[in-house]
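Please examine the model shown here with attention to its enclosed internal spaces. The paragraphs that follow describe how those spaces are lined.

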Number of protein chains: 2
Amino acid sequence: MTEPDATAKRKRMSSGQRREDFITKAIAFFAEEGFESSTRGLARQLGVTQPLLYRYFPSKDDLILAVYDAVYVNRWRPEWEEILTDRSTSVEERLNTFYRVYTDVIFNREWMRIYLFSGLKGADINRRYMQLVRQRILEPIVAEARAEFGHPPSPATDSEIEFAWVMHGGIFYYGVRDLIYDSALETRKDRVVADAVAAFVAGLKIKLAKSVEAEHASEAQRTD
Amino acid sequence: MTEPDATAKRKRMSSGQRREDFITKAIAFFAEEGFESSTRGLARQLGVTQPLLYRYFPSKDDLILAVYDAVYVNRWRPEWEEILTDRSTSVEERLNTFYRVYTDVIFNREWMRIYLFSGLKGADINRRYMQLVRQRILEPIVAEARAEFGHPPSPATDSEIEFAWVMHGGIFYYGVRDLIYDSALETRKDRVVADAVAAFVAGLKIKLAKSVEAEHASEAQRTD
DNA sequence: GATTTAATTTGTCATTCGATAAATTAGTAT
DNA sequence: ATACTAATTTATCGAATGACAAATTAAATC
């Protein structure tokens with residue numbers, strides 16, 4: 001439709017290339033139209049007939065699983081975890097660096113809409129993804145902050161992780177507002193992230209200090 | 001299915017009652033199954049035949065519009081805005097009170113899933129809702145904070161509103177994690193809100209002070 | 001109890017859906 | 001050029017979809 005289709009009939013791709021092409025374009029298609037959209041509509045965008053899809057994927061659901069894999073698994077960068085634990089800079093700086101590169105990956109219409117659609121279709125995939133975020137991102141963040149603030153390295157409490165989740169979710173939701181609703185006011189992403197990170201770091205410092213206080217108090221009078 | 005259907009054939013509702021009943025149950029149905037689900041499936045849950053729906057709503061889309069109205073318009077409470085501007089207590093306390101009652105309304109699976117589904121179906125309704133949140137909730141919050149911190153009452157900057165959005169979005173996303181993904185760690189809602197609010201208030205105080213600094217500096221040397 | 005009104009169901013339509021089988025055709029090896 | 005292989009299309013199935021028209025039936029009115 002938009003493309004002039006240079007080689008009028010550019011048929012016969014190799015099996016591997018075609019499969020990759022299908023997945024790439026299926027991501028774009030499902031991101032816009034949702035997973036309930038027809039395989040015929042997808043085939044139209046692929047410039048191919050609908051039954052051909054079934055030579056590469058046994059069923060529509062299998063194609064969707066391949067899409068999940070391409071988005072959630074393949075786009076995850078192990079370096080992210082290294083950024084957060086590199087103690088040559090402050091936690092605040094590391095958080096800014098991390099969210100800069102992390103949002104470079106997830107702040108695009110495709111990723112976000114696939115994420116939202118998949119979450120509504122069935123919570124499992126998103127739950128798994130959120131567990132990954134928790135273990136690989138939020139737990140290290142809290143642990144590193146504890147260390148920097150001079151607290152003993154005990155496992156993060158649920159309440160602390162949840163506090164990190166609120167920052168993370170706030171930044172994520174900023175992306176949703178910007179990329180899905182075109183409603184972001186401040187478009188300088190790095191500035192929004194910097195403000196959120198600064199508030200989180202300062203907030204966590206206070207929160208950790210308070211929990212130490214509370215612990216001392218309860219230790220003194222043996223009360224919960 | 002779950003209900004034993006007490007009055008085996010409880011037919012003939014009044015037009016008004018039936019319409020209300022349809023909308024109420026359509027909210028629950030579409031929240032679970034999505035707006036693409038069939039009118040026959042909905043009719044089954046209503047204990048009624050499918051064509052009857054078309055005596056009350058000209059089309060499926062009209063029914064969906066009625067659902068939007070019931071969720072977004074009818075559940076909005078004007079008192080919310082009063083809570084935020086009641087200067088007999090601190091801004092932090094007001095924010096805690098507000099988010100307590102606000103989340104009492106929107107933190108339920110139905111509301112949240114309808115919100116997410118409608119946002120993916122077409123951004124308009126959600127954009128309108130977000131504009132309402134901005135004008136009636138976030139603008140007042142920033143204005144009240146400015147006043148409490150002794151700043152002159154100038155209109156909130158985009159960056160300040162965005163900062164408030166990040167708190168709001170963080171709290172919202174906490175609800176999503178809790179109610180849609182069953183993945184909230186800290187289930188004491190009020191505690192999560194209190195932490196988020198405290199970090200926001202402290203963060204905004206610093207942010208406002210910084211922007212005053214920057215303004216003075218630029219005034220002194222006539223530079224942007 | 002007969003009549004009227006309006007709520008509800010039965011029956012049906014043209015489309016669209018995911019999926020399969022069989023026919024075709026492009027590219028490669030001989 | 002011929003034969004073979006694999007990519008792709010054509011044709012088609014049964015089920016499900018939104019919507020409409022006509023028949024039915026419960027409840028209100030007389």
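By class, the residues that line the second largest cavity of this predicted model comprise 14 nonpolar, one polar and no charged. The space in this second largest cavity amounts to about 130 Å³. Of its 15 lining residues, those closest to the centre are A:Leu116, A:Phe172, B:Leu116, B:Phe172 and B:Val176. In chain A, α7 (109-121) and α9 each give two or more residues to this lining, and in chain B, α7 (109-121) and α9 do so as well. The largest share comes from α7(A), which contributes four residues.

The largest cavity may be considered next. Its volume is about 160 Å³. Which elements each supply at least two residues of its lining? They are α9 (158-179) and α10 (189-221) of chain A, together with α9 (158-179) and α10 (189-221) of chain B. From chain A, the lining includes A:Phe163, A:Val166, A:Met167, A:Ala196, A:Ala199 and A:Phe200. Chain B is represented by B:Phe163, B:Val166, B:Met167, B:Ala196, B:Ala199 and B:Phe200. With regard to class, the lining of the largest cavity consists of 12 nonpolar residues, with no polar and no charged ones.

These two spaces belong to a wider set. In total, the structure holds nine cavities of 30 Å³ or more. Helix α9 of chain A and helix α9 of chain B are named among the contributors to the lining of the largest cavity, and both are also named for the second largest cavity.

Conventions: Residues numbered from 1 in each chain as written. Chains lettered and ligands numbered in written order. Predicted model: local features only at pLDDT ≥ 70, side-chain atom pairs only at ≥ 80, totals over all residues. Heavy atoms only, no water. 1 Å grid on protein atoms, 1.4 Å probe; cavity = no way out; pocket = protein on both sides within 12 Å on 5 of 7 lines; lining within 4 Å. Points joined across faces, edges and corners; volume = space filled by probe spheres on them. Nonpolar A, V, L, I, M, F, W, Y, C, P; charged D, E, K, R; others polar.
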